Amino acid sequence: MGALTLSKVTKSFGTTDVIKGVDLRVEDGEFCVFVGPSGCGKSTLLRMIAGLEDVTGGDVAIDGVRINDLAPAKREISMVFQSYALYPHLTVRDNMGLALKQAGVPKAEIQAATDKAAAMLSLGPLMARRPAELSGGQRQRVAIGRAIVRRPKLFLFDEPLSNLDAALRVQTRIEIARLHRDLGATMIYVTHDQVEAMTLADKIVVLRAGRVEQVGRPMDLYNDPDNTFVAGFIGSPQMNFLKAGALGLRSDTLGIRPEHLEISRASGLIAGRVSHVEKLGGETLVYVNTDTQGLLTVRLFGEHDFAVEEAVHLTPDQARAFHFDAAGLRIRG
Amino acid sequence: MSQARRSIARSIAAHGVLILWTVIALFPVFVTVVNSFKSRKAIFAEPLALPGPESFDLVGYATVLKQGDFFQYFLNSMTVTVGSLFFVLLFGAMAAFALSEYRFRGNGLMGLYLALGIMIPIRLGTVAILQLMVASGLVNTLTALVLVYTAQGLPLAVFILSEFMRNVSADLKNAGRIDGLSEYTIFFKLVLPLVRPAMATVAVFTLIPIWNDLWFPLILAPSEATKTITLGSQVFIGQFVTNWNAVLAALSLAIVPVLILYLIFSRQLIRGITAGAVK
């Protein structure tokens, strides 16, 4: 109930190709996150799955049934938007029940379905209010509730947390994860925030310029990236890329995560000066201006004291480093 | 401190300019209404004086109500104005929705074509319109006027409304599509309420020229049964003698309905703004 297959899907606006052939399979019950920089086509791809954009080429199928030409309402999907998109003239209850009402479901059943969804999201006391009387976080919970009520085969989320403040974002993120566990439904989630992708996904799809760069479980992408783009996009702070030639290595680029760079006041491979220090309590980020490799980031756990302009030496942990060729592709083994 | 004082001075200046403009704009209306309550002699003796115990005279209103079918003229004007307004808003909003919402070949050209009417006065086509109305047997009917005014009002309506509709959240419309609402429901239930301030603006801009128009009623529907109020008032203006009492009274009366319509729309306008779109 709810496996999605994309085969050779393309999308063009006039002569501009936005999606350049995407093949993907999302299993039933999987939480799949599309992630990528803005303009990579992730939202367009989601809207094509929803039926809000035509598919230029290729096939979109849910449970093996081709749905390219099916109207959005007939696809048994529901969608949560970044801007909530609640109907301003309807109460919370009517907002949540509208899809069922349009489908001709009896009133008592709609009432039961909305009550159940309201209980899951603790929306009970808000049911009689209108969207204008709710806070941002409440509105997004109503939008999620509206999606649940339909019992769709597929949940689509279009950057649902981008309009919320930081604290609410974490809270709602946890709520969405809990919801996925409770419902066991297939969910597709679009975001440009790699933290959301890492924390929510069973499967991450990294997109760039309308192409899939890599698909995999969050830790697979983190520990085993295919190319410099994925390596740089997943993980915060960003991976450091070193010119391998200057270190006497055969590959073109050496990728090393900030936590795998060793910093020492006495000696090391790369000399530099501290340019900035960020203390976050649990960890300390040291930005080092090196003579040969530009600005590098070092992540230390716990509190450490480094002064700006202090001379330091960095040594990459060769065992944890990634090697890339001139085209940015990973050299394995 | 100097910042605060300067802004007070600036706001006094702004209010001064606005008040001056209001006085200039309202002066003719004031003179018309005041003189409509005076005797003929008083009008010419002291045009700017308020009606006193001696000069107060309702003869103008008495003439207007006795003469001809003034109530009928009012009704005609109302029918034409409200009818045209309804069609301008309905068709204008629908065209604007199509232009702003759907991608189709020639979308931009179509929008330009529809907006072109703002720059070309419809009166240039009077002869052709008259021939058309004669051919279709619509001369001396209110239908003729409604059709012409609808055509006259549409370009501005399409232009303004399509700009506003572009700003209505695409997510909201898409949410409606996913929930199975028809395009008509999306248009009438979701989009129209959100562009209500724009609708009120268009309504006011459309309404006033139609109500005040003398040209098309005179050419297309001059019969007694279809006369509008502006045309009806002309009977008091003769080549040699003008019954100023009656003209002024008729014009004062003609202000009332348009004022009521304006108040209705401007309240809508304020409500539309204060209700606030949910984003």
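Select residues 31-35 and 186-191 of chain A: strand E3 and strand E8 pair here in the parallel sense over five bridges. Strands are DSSP runs of at least two residues, helices H or I runs of at least four, both numbered from the N terminus. Two strands count as paired if DSSP finds at least two bridges between them. Now pick Phe31(A); its bridge partner in E8(A) is Met187(A).

This is a predicted model: local features need pLDDT of at least 70, side-chain atom pairs count only at pLDDT 80 or more, and totals for chains, interfaces and linings use all residues. Residues are numbered from 1 along each chain as its sequence is written, chains are lettered from A and ligands numbered from 1 in the order in which they are written, and side-chain values use heavy atoms, leaving out hydrogens and water.

**The sheet**

Widen the selection to the open sheet of six strands. Its order in chain A is E6-E7-E8-E3-E9-E10, and the pairing is mixed. Go to the edges: E6 (77-80) and E10 (211-216) of chain A each have a single partner strand, so one side of each lacks a neighbour in the sheet. Neighbouring strands are turned by 20° against each other on average, direction ignored.

Next, select residues 136-149. This is helix H4 of chain A, which packs on the sheet and touches E6 and strand E7 (154-158). Contact means heavy atoms within 4.5 Å. The direction of H4 makes about 175° with that of E6(A). Axes are lines fitted to C-alpha atoms, for helices over the stretch in contact; angles run from 0 to 180 degrees between N-to-C directions.

**Strand E17**

Jump to residues 311-316 of chain A and show side chains. They alternate along E17: Val312(A), Leu314(A) and Pro316(A) point to one face and are buried. Ala311(A), His313(A) and Thr315(A) point to the other face and are not buried. Buried means under 20% relative accessible area, with a 1.4 Å probe and protein chains only.

Add strand E13 (residues 261-264) of chain A. Four bridges join E13 to E17(A), and the two run antiparallel. Leu261(A) has Pro316(A) as its bridge partner in E17(A). Then add strand E14 (residues 270-279) of chain A, which also pairs with E17(A) in the antiparallel sense over four bridges. There, Gly272(A) is bridged to Val312(A).

**The whole chain**

Zoom out. Chain A holds eight helices and 19 strands. Its C-alpha atoms fill a box of roughly 75 × 45 × 35 Å along the principal axes. Of its 333 residues, 53% are buried.

Technical notes. Buried < 20%, exposed > 50% of the residue type's maximum accessible area, 1.4 Å probe, protein only.
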